[in-house]
Amino acid sequence: MNLADINTIERLLNKAGFSFKKSLGQNFLIDETVCPAMANAACDGNTGVLEIGPGIGVLTKELSKVAKKVTAIELDERLRPILAKTLKDCENTDVIFGDAMKLDLNAVIKEKFSDCGKVAVCANLPYYITSPVIMMLLESRLPIESITVMVQKEAAQRLCAEVGTRDAGAVTVAVDYYSESEILFQVPRTSFLPAPKVDSAVIKLKIRREPPIKVADEKKFFAFIKACF
């Protein structure tokens with residue numbers, strides 16, 4: 001099953017009676033080059049991958065080919081029968097239906113990836129929840145090595161900007177405090193169904209073992225940074 005083919009996707013969704021929800025920021029990838037590139041950038045055969053928002057499983061399927069194990073967290077219960085079909089041959093993959101912002105991700109990682117040498121996060125994030133999810137992942141100090149995500153192009157530029165430049169904001173400082181960031185490649189809006197109004201980009205955040213600066217009180221530090229912007 002080619003999950004990057006428009007006709008295949010439409011037949012799959014129509015058969016399941018599935019309709020897109022704008023409130024969930026659902027735009028499914030139909031560019032067959034993007035997900036393999038994300039998977040190869042995010043993990044290897046010794047990695048346990050936590051995916052947030054698998055959609056119909058396009059990225060999930062590619063991750064399963066590279067990673068040791070994949071656990072995907074999906075909010076939309078309507079996708080349960082679709083994912084059961086698209087991921088039926090992915091034996092190293094399972095799906096948890098729930099809200100990633102509310103789940104105990106430390107517990108999920110401990111349960112699912114105890115036999116993996118390392119853990120990474122990889123996701124095609126809905127635009128409306130990009131910053132909250134990334135900051136939740138960083139602030140939770142999960143036992144992960146990296147976060148590889150697709151986000152809106154402008155968000156990518158802001159998240160990966162050099163601190164002190166015009167493109168930087170409070171979230172830039174926070175991201176830089178917890179990780180080393182880089183933009184890997186851009187993804188045009190035509191790569192999605194339905195097509196959004198903006199282009200996207202894939203970024204990778206490599207988690208720092210130690211922050212670049214010493215902060216006595218992180219809560220006060222970030223309050224000060226937010227006040228500055």
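1. In what handedness of crossing does α6 pass α8? In this predicted model, α6 passes α8 in a left-handed crossing. The contact is built from Ser131, Met135, Leu138 and Glu139 on the α6 side and from Val171, Ala174, Val175 and Tyr178 on the α8 side, and by class these residues comprise six nonpolar, one polar and one charged.

2. On the geometry of this pair, the axes of helix α6 (residues 130-139) and helix α8 (residues 170-178) come within 10 Å and cross at roughly 30°. Angles under 35 degrees count as roughly parallel, and α6 and α8 are therefore described as roughly parallel to each other.

3. The surroundings of α8 deserve a separate point. Seven of the nine residues of α8 are buried, so this helix is largely enclosed by the rest of the structure. The buried residues are Val171, Thr172, Val173, Ala174, Val175, Tyr177 and Tyr178, and what covers them includes, besides α6, the elements α7 (153-159), β7 (179-187), β9 (200-207) and α9 (218-228). Val171, Ala174, Val175 and Tyr178, which make the contact with α6, are thus also named among the buried residues of α8.

4. A second helix pair can be read alongside the one above. The axes of helix α2 (residues 34-42) and helix α3 (residues 58-66) come within 8 Å and cross at roughly 45°, and that angle makes α2 oblique to α3. Here α2 passes α3 in a right-handed crossing. Cys35, Pro36, Met38, Ala39 and Asn40 of α2 meet Val58, Leu59, Glu62, Leu63 and Val66 of α3, and the residues of this contact divide into eight nonpolar, one polar and one charged.

5. Glu51 may catch the eye of a reader who looks for charged side chains. This residue lies in strand β2 (residues 47-52), and Glu51 counts as buried because its relative accessible area is 1%, where the cut-off for buried is under 20%. Leaving aside residues up to four places away in sequence, Glu51 touches Leu59, Thr60, Leu63, Thr71, Ala72, Ile73, Cys122 and Ala123. Two of these partners, Leu59 and Leu63, also appear on the α3 side of the contact with α2. Glu51 and Ala120 are 69 residues apart in sequence, and their C-alpha atoms are 8.6 Å apart in space.

6. On the cysteines, the structure holds zero disulfides. Cys116 is in no disulfide, and the nearest cysteine sulfur, that of Cys43, is 10 Å away; with a relative accessibility of 13%, Cys116 counts as buried. Cys122 is likewise in no disulfide, the nearest cysteine sulfur again being that of Cys43, at 6.8 Å. A disulfide would need the two sulfur atoms within 2.5 Å. Cys122 is buried, with a relative accessible area of 0%, and Cys122 is also one of the residues that Glu51 touches.

7. A last point concerns the backbone at Arg141. This residue has a positive phi of about 50° although it is not a glycine, and its place is in the loop between α6 and β6 (146-152). At 47% relative accessibility, Arg141 counts as partly exposed, whereas Glu51, at 1%, is buried.

How values were computed. Residues are numbered from 1 along each chain as its sequence is written. This is a predicted model: local features need pLDDT of at least 70, side-chain atom pairs count only at pLDDT 80 or more; totals for chains, interfaces and linings use all residues. Side-chain values use heavy atoms; hydrogens and water are left out. Helices (H or I, at least four residues) and strands (E, at least two) are DSSP runs, numbered from the N terminus. Buried means under 20% relative accessible area, exposed over 50%, partly exposed in between (1.4 Å probe, protein chains only). Contact means heavy atoms within 4.5 Å. Axes are lines fitted to C-alpha atoms, for helices over the stretch in contact, and angles run from 0 to 180 degrees between N-to-C directions. Angles under 35 degrees count as roughly parallel, over 145 as roughly antiparallel, 65 to 115 as roughly perpendicular and the rest as oblique. A crossing is left-handed if the near helix is turned anticlockwise from the far one by less than a right angle, and right-handed if clockwise. Ala, Val, Leu, Ile, Met, Phe, Trp, Tyr, Cys and Pro count as nonpolar, Asp, Glu, Lys and Arg as charged, and the others, Gly among them, as polar.
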